[in-house]
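Here is a set of short exercises to work through with the model open beside you. Try each task first, then follow the solution step by step.

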Amino acid sequence: MNIPSYEEVIASTDFRDDLASLNAAIADGLTQAGEPVAINGNVCYEHMQRDFHLQDLSLGMEPKRRALHQMAQGSSCFAEVGVAGGHAALLALHSNPSLTFIGIDLGQRLRATWPPVEIYVPIVFKWFEDKFPGRVRFYLSDAREGLRQAANERPFSSIDLLHLDAMKKGRISELEAVWPGLAGRCYLLQGDNKNGFVKASSEQLIAEGRARRVTSSSYKNVANANFDVLETGPDVAAGKVSLASLSDDRILVCVCHQDDETLFCGSTLGHLKDCADVTIASFFRPAPNRKDTDTREAAMQRVCDLLGAKRIQFPFAVERDHRLLRRFIQMPSATDQNPPEIRRPLHRHPLFNLLEGSAFALMQQYKPSTVITHNHVGEYGHIEHVMLHHAVSHAAKRYQEARVLNFGVGLPEADLVVPAQPEQKNRLYDEYMPQWNGRRMYDFALSDETFVSHNISDAEG
């Protein structure tokens, strides 16, 4: 399926014809009422622009049009407070032919200087209902009541794109009104972002955990001074993670050794190939005197090539028997179910600051929205895995812009389970053969892969 670009949509005959038809309907209605031909500002025209229907699209609003086009293509149901001339709805519906739209507008002049919204908003509603039957639903209502009705009635699927672009105050109460009708993850497009009340509402939602900065690598740079984009919804508030929520992320995978990426998340990365921006970093060089010492790094590069991932290899640390490390981390005995004990502050270990600093530098360079790494028990009890877990956690705590997922091997519960792809994983295994003996040693690796969300506030170091 060909997905049209923003330029293709804007230049298309269908969009241009519909834009002209919509504008003519508004202009005719205003003229017949003896009013100047002007409407409130929107994604296509300047605020109160006279004879807007004869003007070119506003250059100043092009970044918002592009953001809306992009988000509409990845959404199924778009709801908007502040329909005005309907131009955001028109662009979104043309950007995604399967998109449905819910529009809410009071249709009353709240300021004497406004154009007569009571005249043109009903005209806009009627035009859309005639042009897009079955794809639109309108509420001539104040924001909270209209959103509450939409959430209760659910005329379409759950709302996964929400544009709040009317009153500057009360944005949080508007979100609360529509909350039951939101998808687990919903993109919130905040109009009028220059306004202090709007900015404060975004900051409060983030601080309370009801929203977060957008994690998608696709939408990472869409916000500007005029608007903001957040992720919100029940799953976001609950901290839930899913394979779908990783599908457009910028992901940094931090592993100790070449083969860890295959053992612990090879199937997951296979699912995400071509739909996530993935970088895999190994922090330890191969140990000397192994059968695969001289082949592991090249094998990992081939694995990354198969997964469509970038690869980073740090040169500082070498896999070995760390007698010094055991003074800092006491691993449990084979019969002990307790987690490893941190006996001394890890930052005093000469390797810890090097690992933590390297991880932090990677985060600053690649700007990941998700970091995946080892867990606090070292999966099957590997002390270097435990060390890197704490180093990466500490780096993520400094970085503050990414959620952290730990491999779930060795842990009793999981926040995410990814179906195994044995054929895919065996293909990755082949790249390490014949010197590598992991296929025989790690029988767990062909099962479903699991991950645990990690609270970086608990990071030790």
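**Exercise 1. Find how strand β2 is held by its neighbours.**

Step 1. Start with strand β1 (residues 77-81), which pairs with β2 in the parallel sense over five bridges. Two strands count as paired if DSSP finds at least two bridges between them. Helices (H or I, at least four residues) and strands (E, at least two) are DSSP runs, numbered from the N terminus.

Step 2. Pick out one opposite pair: Val81 faces Ile104 of β2. To get from β1 to β2, the chain passes through helix α4 (residues 87-95), making a right-handed β-α-β crossover. Right-handed means that, with the strands pointing away from the viewer, the path from the first strand over the helix to the second runs clockwise.

Step 3. Look at the partner β3 (residues 136-140): this strand and β2 are parallel too, with five bridges. Ile104 has Tyr139 as its bridge partner in β3. Here the chain crosses from β2 to β3 through helix α5 (residues 117-131), again in a right-handed β-α-β crossover.

Before going on, two notes on the model. This is a predicted model, with residues numbered from 1 along each chain as its sequence is written. Local features need pLDDT of at least 70 and side-chain atom pairs count only at pLDDT 80 or more, while totals for chains, interfaces and linings use all residues; side-chain values use heavy atoms, leaving out hydrogens and water.

**Exercise 2. Is strand β2 (residues 100-105) buried or exposed?**

Step 1. Apply the cut-offs: buried is under 20% relative accessible area, exposed is over 50%, and partly exposed is in between (1.4 Å probe, protein chains only).

Step 2. Sort the side chains by direction. Thr100, Ile102 and Ile104 point one way, Phe101, Gly103 and Asp105 point the other way, and all are buried.

Step 3. Conclude: six of the six residues of β2 are buried, so this strand is largely enclosed by the rest of the structure.

**Exercise 3. Place β2 in its sheet and name the edge strands.**

Step 1. Trace the open sheet of seven strands, in the order β3-β2-β1-β4-β5-β7-β6, with mixed pairing.

Step 2. Find the edges: β3 and β6 (211-213) each have a single partner strand, so one side of each is left without a neighbour in the sheet. Neighbouring strands are turned by 20 degrees against each other on average, direction ignored.

Step 3. Continue from β1 to β4 (residues 159-164): these strands run parallel and are joined by four bridges. Phe78 stands opposite Leu161 in β4.

Step 4. Add the helix α4, which lies across β1, β2, β3 and β4 at about 170 degrees to β1. Such angles run from 0 to 180 degrees between N-to-C directions, using axes that are lines fitted to C-alpha atoms, for helices over the stretch in contact.

**Exercise 4. Describe helix α11 and its surroundings.**

Step 1. Take its length. Helix α11 (residues 260-272) has 13 residues and spans 17 Å from its first C-alpha to its last, close to the 18 Å expected at 1.5 Å a residue. That expected span is 1.5 Å times one less than the number of residues.

Step 2. Check the exposure: 12 of the 13 residues of α11 are buried, so the helix is largely enclosed by the rest of the structure.

Step 3. See what α11 lies across: β8 (250-255), β9, β14 (403-407), β15 and β16 (449-454), with an angle of about 95 degrees to β16. These strands belong to an open, mixed sheet of seven, ordered β10-β9-β8-β13-β14-β16-β15.

Step 4. Zoom in on Thr262, which lies in α11. Thr262 is buried, with a relative accessible area of 1%. Beyond its neighbours within four places in sequence, Thr262 is in contact (heavy atoms within 4.5 Å) with Val303, Lys425, Leu428, Tyr429, Tyr432 and Glu449.

**Exercise 5. Which residues does Ala395 touch, not counting residues up to four places away in sequence?**

Step 1. Locate Ala395 in helix α15 (residues 383-399).

Step 2. Note the exposure: Ala395 has 0% relative accessibility and therefore counts as buried.

Step 3. List the contacts: Ala395 touches Glu356, Ala359, Phe360 and Met363.
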